[in-house]
Amino acid sequence: RLAGGSPIAEGRGNIEVEFAASGRSPGGALAALKGTGSYDVEGLKLFNLSPDAFSRLLGTAQDSAGLVAAFDALRGGDGLQIGKAIGNIHIENGVATFQPIVLASPDADVDVKVVGELALGALDASIGIKLKARAGLPPMSIAYAGPPMALARSEDNSELATSLGVTLMQRGVDELERLQKEQERLAIETRVARDTDAVIRAAILQELGREGQVYFLYNRVLT
C-alpha cells in the first residue's frame, strides 16, 4: 500500500521459502539470512497503471494538454490485469529477490521486479513499461519503495514525454508548412506584358516550380 493507504496491487498467493541464518541479534540474523523459495499468485492486478487508456487518449492528443491527459489516464483507469504469476525467490544476506513478472499486452510490455530487504522491513518494486501506442516509444518506469504498508511512489517518464512532445511539435510544423504551400499555390498574380517567347517560358517555369497549373489562352483560333 501507499503511505496514504491506497493499494498498489491485489491478488491471492502463496510464498514458500527454506532459509537459514545465524547472528547475535534478530536483526543480525535477518541480515545474514540465506535461502531459496517460490511464489504463486492468482488474479494479480496492478492499480494506477492503465496502458489501454493511455493509448486511446494519445491517439487524439493535439497539444501539451492532450499529452498531460494521456499520462493522467495512464496513472488511473481500471488498472492492468496480469492474472497468474509464478516464479522463484532467492535470498542472500537478508535480501529476497523475486523472479521478475513479465507481461506482454496489446498496449504495453511490462516487467515487474520486486526486492525485499528483510532486516530493514522494506520493499523495493520497479515496473518497467514499454508502451505500444506508437512505434519506437522510449520506455518509462514506476517505482515503489519503503515499508510494505507505507510505500512511496516515483515515476520516470522524462524521455518518453520528451519524445512525444517533439513528435507533436514536428506534426505542427509539418501542418504549418502544408498550409503555407497551399497558400502559395492559391495566390494569383496578374501581369500585362509584351508577347514574347521569353516572357511566356519564364511564366510557365515559375508556375510549374511551385506545383501550379498552366493554362495558355490564344484568342485567334481558326475552325
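## Second largest pocket and the Ser55–Ala108 region

The second largest pocket has a lining of 28 residues, and nearest its centre lie Ala9, Val41, Leu44, Val114 and Leu123. A pocket is an open set of points on a 1 Å grid over the protein atoms alone, where a 1.4 Å probe fits, with protein on both sides within 12 Å along at least five of seven lines; lining residues have an atom within 4 Å of a point. The model is predicted: local features need pLDDT of at least 70 and side-chain atom pairs count only at pLDDT 80 or more, while totals for chains, interfaces and linings use all residues. Residues are numbered from 1 along each chain as its sequence is written, and side-chain values use heavy atoms, without hydrogens and water.

The space in this pocket is about 760 Å³, taken as that filled by probe spheres set on the grid points. β1 (9-20), β2 (34-46), β6 (108-117) and β7 (122-131) each supply at least two lining residues, and β1 gives the most, with 7 residues.

| Class in the lining | Residues |
|---|---|
| Nonpolar | 21 |
| Polar | 4 |
| Charged | 3 |

Ala108 is in strand β6. Ala108 counts as buried (under 20% relative accessible area, 1.4 Å probe, protein chains only) because its relative accessibility is 0%. The C-alpha atoms of Ala108 and Ala133 are 7.9 Å apart, across 25 residues in sequence.

Ser55 belongs to helix α2 (residues 51-58). Beyond neighbours within four places in sequence, Ser55 contacts Asp107 and Ala133, where contact means heavy atoms within 4.5 Å.

Terms used. Helix = DSSP H or I, 4+ residues; strand = E, 2+ residues; numbered from the N terminus. Nonpolar A, V, L, I, M, F, W, Y, C, P; charged D, E, K, R; others polar. Buried < 20%, exposed > 50% of the residue type's maximum accessible area, 1.4 Å probe, protein only.
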